[in-house]
Amino acid sequence: MPSLKKMAAGDENMKEDVLGQFEQLVLTAVLSLGEDAYGPKIHEKVIELAEREVSIGSVYITLDRLEDKGHLASKPGRPPQWGGQARRYYRLRAAGQRALRQAFETSRRLQQTAEPMWEFKT
Amino acid sequence: MNETRSPKPAPPRWIEAIVKWFMPRSATARLEDLKDYPLPAPQLVWKAAGTVSASNLTWTRRAFNFERVLAESFVLSVPFWWTPLLPAVIAVTSAVAVLRLRDAFIYPGEGTPAEATADSLVGASAIVASQLLLWFVAPSLMMEPALLARGTVIGMLSVSLLRAYFHLKTPEYDPDRQRAAGWFKSTWRIMAMWLVACITLIFSSIEAVPGGLVRNFLLGFCPVMSFFLALKLQSDTLQGLFRRHEPITIFTDPVEVELSAKKNALWQRSDIVLSQCFEVVFFVVLAFPLISAVWRWLDGSAAHVDWPQVATNFAALVTLAYLWTQIKKLNTEALRQIDEALAARREEALST
């Protein structure tokens, strides 16, 4: 029987805080950019970290999903002096930092387990 | 977060106009992001398409409201009741689907007459477009023009009224509040289903073990009363169970008030003796007809007892008692989620 907790958490926003690889990339990009984390900069950083081409659409979708989960917060910056709209700047929230740290710890454990095997095989 | 960058060449005006036209209102700031890509027009169009589709997908998901979809489908289908089924289904489905995109576009919506008029025009256009498509693909499925015109006009007028009301109630985007409210809603939905099962069980037990009118009335009435008394007494407050309308001053955060009220309507603690008593009373009342059946059997007066039904109801009672322990755990989890949302709000308020 599925647990009632899982039934209640049917909504995407309410699922447990396990990050996917792309989510980790986006959160790391936001973290590394600090105060200057907005759409195109995050996109550029994600491409640099992933070492492959990534579409801007997938970055925006992930940013929105992470905001829904409460890992990221966004707010508009100042409007540019020469006119136009204010950009949205993103920053990591405490929940995002926790989730990212947890993901890194899992990766580290995996690495520690797998590395001796690689050495043995080669 | 200051804008210190130098002015960059703006994207061609036609791209800007198209993006503005298709971009949801809440995501128009992304138009500014596109100015960071000094690309030739065809590549910029590609980037703009990615941005627009991602934003529409997000806001369609954020603005989606199942109750609203049901209400709109019902209201829109009424004028098509006496038309052939398949064309009516196609017309209603296309209007409801396009209105989801419209919801994403105007989220959270203002509920103004102008917005309601635009809603009805968008919906009507979707119905007409679906019929035009049918005219090309399967002309036999097209609706009669007179029926189509009548249905579209009446349907869209009622839908625009309904949407004007719904949009007045659409809250601003607030992920913390929505996540906490989602847990509260799901928990209460499960509790309500469980309560309905308990009430069904008690009525079934009353039939299985016949008794006097007064006994039957008390057995039907007491479980619900004792459940809500147990719930109310453990919330440790004199407010109503679902009280939301507190006086709001400039020092109060209305979302915090709302979430605290939600906490009071959940099963919070189990160390209040009176609440525990009513919880026990609830299960005793639920089991009473079954206990009385056993008593009658021992007494030798169990001629009218429906024993297979009593056995089934006993199994159901054990299952419901087990489910109640799980529901209490679910309430604890929902409370944790609400507390986390409140803590995140406070942390956010301090950081800004």
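This briefing covers confidence, one helix of chain A, and a set of salt bridges in a predicted model. Over all chains the count of salt bridges comes to 32, and three of these pairs are described below, among them a pair between Arg30(B) and Asp64(A). Side chains of opposite charge can pair when their charged atoms come close.

**Confidence in chain A**

- Chain A has a mean pLDDT of 85, and 81% of its residues reach 70 or more.
- Among the elements of this chain, helix α1 (residues 4-8) has the lowest mean pLDDT, at 65, whereas α2(A) has the highest, at 95.
- Where pLDDT is low, the predicted coordinates should not be read in detail.

**Helix α2 of chain A**

- Helix α2 of chain A runs over residues 21-33, and because each of its 13 residues should add 1.5 Å, a span of 18 Å is expected, which agrees with the 18 Å between its end C-alpha atoms.
- Buried positions in α2(A) include Phe22(A), Leu25(A), Val26(A), Leu27(A), Ala29(A) and Val30(A), and Glu23(A) and Gln24(A) are buried in this helix too.
- Just after α2(A) comes Gly34(A), which takes a positive phi of about 60°.

**A salt bridge between chains A and B**

- Arg30(B) is placed in helix α2 of chain B, which covers residues 30-34, and forms a salt bridge with Asp64(A) in which the closest N and O atoms are 2.7 Å apart.
- Asp64(A) belongs to helix α4 (residues 56-69) of chain A while Arg30(B) lies in helix α2 of chain B, so this pair joins two chains.
- Both partners are buried: Arg30(B) has a relative accessibility of 7%, and Asp64(A) has a relative accessible area of 2%.
- Leaving aside residues up to four places away in sequence, Arg30(B) touches Tyr60(A), Asp64(A) and Tyr90(A) from chain A, together with Met23(B), Thr51(B) and Ser55(B) from chain B.

**A partly exposed salt bridge within chain B**

- The side chains of Glu67(B) and Lys185(B) meet in a salt bridge, with an N to O distance of 3.9 Å.
- Glu67(B) lies in helix α4 (residues 66-77) of chain B and Lys185(B) in helix α8 (residues 175-208) of chain B, so the pair ties together parts that are 118 residues apart in sequence.
- Glu67(B) is partly exposed because its relative accessible area is 38%, and Lys185(B) also counts as partly exposed, at 43% relative accessibility.

**A buried pair and its network in chain B**

- Arg68(B) and Asp103(B) meet through their side chains in a salt bridge of 3.1 Å, N to O.
- This pair links distant parts of the chain, since Arg68(B) is in helix α4 of chain B and Asp103(B) is in helix α5 (residues 85-106) of chain B, 35 residues apart.
- Arg68(B) counts as buried at 4% relative accessibility, and Asp103(B) is likewise buried, at 3%.
- Salt bridges that share partners join Arg68(B) and Asp103(B) into one network with Glu72(B), Arg100(B), Arg102(B), Asp119(B) and Arg163(B).
- Within helix α5 of chain B, the side chain of Asp103(B) also makes a polar contact of 2.7 Å with the side chain of Arg100(B).
- When residues up to four places away in sequence are not counted, Asp103(B) touches Ala63(B), Arg68(B), Arg163(B) and His167(B).

Methods. Residues numbered from 1 in each chain as written. Chains lettered and ligands numbered in written order. Predicted model: local features only at pLDDT ≥ 70, side-chain atom pairs only at ≥ 80, totals over all residues. Heavy atoms only, no water. Helix = DSSP H or I, 4+ residues; strand = E, 2+ residues; numbered from the N terminus. Buried < 20%, exposed > 50% of the residue type's maximum accessible area, 1.4 Å probe, protein only. Contact = heavy atoms within 4.5 Å. Expected span 1.5 Å × (residues − 1). pLDDT = per-residue confidence, 0-100. Salt bridge = Lys/Arg side-chain N within 4 Å of Asp/Glu carboxyl O. Polar contact = N/O pair within 3.5 Å; in protein donor to acceptor, adjacent residues only side chain to side chain.
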